[in-house]
Amino acid sequence: MLLDILTGTFSAGKYVILTIEWNIMKSSDFFLRAEDEMEFMPIIPLNEDESESIDDIGIPTELPLLPLRNTVLFPGVVLPITVGRDRSIKAVNDVYKADKLIGVIAQKDSSVEEPAIKDLENTGTVAKIIKLIKMPDGGTTIIIQGRKRFAIEKILAEEPYFRASIRLMEEDKVNIHDDQNFAATVSSIKDIAGQIILLSPNMPSEASVILKNIENPSFLIHFVSSNISSDLKEKQELLEMNDLKIRAEKLMHLLNRELQFAELKNQLTTRTKTELDKQQKEYFLQQQLKSIKEELGGDANEREIRDMQKKAEAKKWPETAKEAFKKGIEKLERMHVSTPDYSVVYNHLDLMLELPWDEGTVDSYDLVNAKNILDRDHYGMDKIKERLLEYLAVLKLKGDMKSPILCFVGPPGIGKTSLGKSIAAALNRKYVRLSLGGLHDESEIRGHRKTYIGAMPGRILQSIRKAKSGNPVIILDEIDKVGNDFRGDPSSALLEVLDPEQNHSFYDNYLELEYDLSKVLFIATANDLQNIQPALRDRLEIIDLSGYAVEEKVQIAKRHLIPKQKELHGLKNQNIRISDAVLEKIIEHYTRESGVRELDRQLASIMRSQAKEYATKGKIKTILNAKDLEKMLGKPRYSNDLYRIANMPGVAVGLAWTYVGGDILFIEATQSDGKGELKLTGNLGNVMKESAITALTYLQANARKYGIDPELFQKRNIHVHVPEGAVPKDGPSAGITMMTAIASALTGRKVKPYLAMTGEITLRGQVLPVGGIKEKVLAAKRAGMKEVVMCWQNEKDVVEINPDFIKGIAFHYVKNMHQVLDIALV
């Protein structure tokens, strides 16, 4: 029978369904919803005055109450309601057996499941239950029609259901023929409601016809009020108004708001429909094109996408990367190949596929083999080899540990970069070298956002992609040469890369995913620690590499350089022998360096000369001697006799540290007539100038102690000069050398020949320790020095040097300048 009602007929009376509620649920939802939540389809009587056919005398003063949670019932309106609460079902059943009249009242809060008295409005509508229907699922549905408005006077009972004493509310009568304003308002309500029906596609076409045929203004206002999509509070306010004219004006205000919303919604729907029609047309054409391509053998782009999907299925990667790839491939499938973003998305997915997320080589834990590989490729460097073997030992025992961030610091040409390659071979890992020299753009490390034209991932991820291994050895070459400008500071970007506590979640701007770098062994190389940002330097495990002694260079030349140059010059099968004495002569008289690059170039010159000899005469001299060197390399470039020639009062030899290793330098001092001024020349830095001033002040204060006439400081100018003025010089380590040179010039006593010195001084005459001792001592050895003076606290640094490398040098460890002058001055 309910189906008959919903289709338009019902035997108990004549009713017509009007679906003017534009946010109504589908009818299937209506049946499925338990409880009186009022997902309804309003029904209006064909006889508009039927709601007034019962006299007030027929309505009792006490009525059971039926709370509704989602709507307000107006007089004259017929509604189907699904009743679900036990209390409500009891009330409906009792009423239906009696006079069928019940008080319908709205809840203040629709979310309350079991309302109390305080949850109910005070004003409601007396309703008559027209029909009660038992549903197959056990629910109860009733058809009710509103009669009269009422106000609750007193609650009489709460169990088994609400029962109240009520007072009927009279409505002010308005004659539409006598009040033109009211007539115009009613007409406007009808017109606006009709416009809303036309703008709502879900409304049946009969709705506007039925609306136009409603003549009773009171019922029209009640019916439209019941069907507007305003909230419950606004509908309740309409119900509570006694003045019909005021109610009509309020309703017209609400309808105007609904009309504006409907017009806006219609505009958006029309615009969206136009866009969808265009997209559907494009889709249809694309499907046709797809069919044509399939007939011709398939689409190459689709094959690429399928290949990518197959690779993804077999790939081991984190869930986040897997989910991101899935979304990206779905996006790629929806895009046309000619769109600019297609290549961007494709390249991004291709990078994700090629990155070794959970892939890597298996480390070799054979410590003996690792040591043999390191010894084979590099001579010396015991400290680094020991540190690497320690790392391997812990890795072997523990099975997993965070890779250390090593930094090899030392002069050029000593094999820092090539050592990284040997480490990779010893660990059985892939080797990647990144040159950071001159790098200015932060995006080179973190990558560019992929929305930019020509965007690429950072060089870190590019290197890992190239290595096809998640745990390679990456050499960050020349990390001290990284620059910074308006494009960013790459050294700051390296902070995350080189921090073992952070790099497990390294974020690349192009990849837009976190990538684990904790398994990568980073090895940085640098010449000067001072140029590395302090925060970055703090993350590095610094390993100092000093320059080579002459003996070490001889061994390196015999084991590595000579065989390499013979092969490069086509003389691999020729038995060319260079004795140790000849190699030492090359090192001492043709090179001045901490590393072996210049030695390598000199050996290359010898091999070129030998290759020319063999190519022209068919034979070569297999054993080279000192006389042969002058023919091939020319006259010696360096000589230790220089220090004997320069041995005169006021000249002292100091030891200096440079980024290319240790070196010796002359410091010259002389006096001339004047007013006691001190002149400093030789491109000296501030620290070095202050050392000279400190030395002069100390000698002035202790002039008589060293046999110097105090008047000299007032009548004579003192000039201190450090040769090679084009080279900037700075640092405190030349302090004792400057004081010795000034003292020698003022006393006329010569400085011992073949004596070098290094150390900082104070105004009290104390000698302080300095750095770079190994480089300085080896420089003294290369220059032929026989004695070295330094602070007693630097003795520990000398002990670390192989005694064989400094054989023939006598060391004097001093605490004050008095000891220095006693040793240095003849």
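**Close-up views of a predicted model**

**View 1. Parallel strands around β25.** In β25, M757 has V789 as its bridge partner. That pair belongs to the parallel pairing of strand β22 (residues 755–757) with β25, which runs over three bridges. β25 also pairs with strand β26 (residues 810–814), again in the parallel sense, this time over five bridges. Look here for E787, whose bridge partner in β26 is A810. Five of the five residues of β25 (residues 787–791) are buried, so this strand is largely enclosed by the rest of the structure. Please keep in mind, here and in the views that follow, that this is a predicted model.

**View 2. The whole chain, for orientation.** Before moving to the next close-up, it helps to step back for a moment. The chain contains 29 helices and 26 strands. Of its 826 residues, 47% count as buried. Among contacts with a separation of 6 or more, 75% come from residues 24 or more positions apart.

**View 3. An open sheet of five strands.** The strands follow the order β10-β11-β14-β9-β15, and their pairing is parallel. β10 (431–435) and β15 (541–544) stand at the edges with a single partner strand each, so one side of each has no neighbour in the sheet. On average, neighbouring strands of this sheet are turned by 20° against each other, direction ignored. At the β15 edge, strand β9 (residues 406–409) and β15 pair in the parallel sense over four bridges. Within β9 and β15, you can find V409 opposite D544.

**View 4. Two helices lying across the sheet.** Helix α14 (residues 416–427) lies across β9, β10, β11 (473–477) and β14 (521–526). Its direction is at about 165° to β14. Helix α16 (residues 459–467) lies across β10, β11 and β14, and runs at about 155° to β10.

**View 5. F522 and the nonpolar cores.** The largest nonpolar core has 52 residues, and L498 and F522 are those with the most contacts inside it. Helix α11 (residues 340–354) gives the most to this core, contributing six residues. Which residues is F522 in contact with, leaving aside its neighbours within four places in sequence? They are P404, I405, L406, I460, I474, L476, V497, L498, N503 and L517. Apart from the largest core lies another, of 49 residues, which includes L392, V473, I523 and I556.

**View 6. The packing of α10 against α11.** Helix α10 (residues 319–334) packs with α11 at an angle of about 150°, and their axes are 10 Å apart. That angle makes α10 roughly antiparallel to α11. The crossing of these two helices is left-handed. On the α10 side, the contact is made by A321, A324, F325, G328, I329, K331 and L332. From α11 come Y342, V345, Y346, L349, M352 and L353.

**View 7. The crossing of α19 and α20.** Where helix α19 (residues 550–568) meets helix α20 (residues 580–590), their axes come within 10 Å and cross at roughly 110°. This makes α19 roughly perpendicular to α20. To follow the contact, start with V550, K553, V554, A557, K558 and I562 of α19. Their counterparts on α20 are D580, L583, E584 and I587.

Conventions. Residues are numbered from 1 along each chain as its sequence is written. This is a predicted model: local features need pLDDT of at least 70, side-chain atom pairs count only at pLDDT 80 or more; totals for chains, interfaces and linings use all residues. Side-chain values use heavy atoms; hydrogens and water are left out. Two strands pair if DSSP finds at least two bridges between them. Axes are lines fitted to C-alpha atoms, for helices over the stretch in contact, and angles run from 0 to 180 degrees between N-to-C directions. Contact means heavy atoms within 4.5 Å. A nonpolar core is a set of buried Ala, Val, Leu, Ile, Met, Phe, Trp, Tyr and Cys residues joined through side-chain atoms within 4.5 Å. Buried means under 20% relative accessible area, exposed over 50%, partly exposed in between (1.4 Å probe, protein chains only). Angles under 35 degrees count as roughly parallel, over 145 as roughly antiparallel, 65 to 115 as roughly perpendicular and the rest as oblique. A crossing is left-handed if the near helix is turned anticlockwise from the far one by less than a right angle, and right-handed if clockwise.
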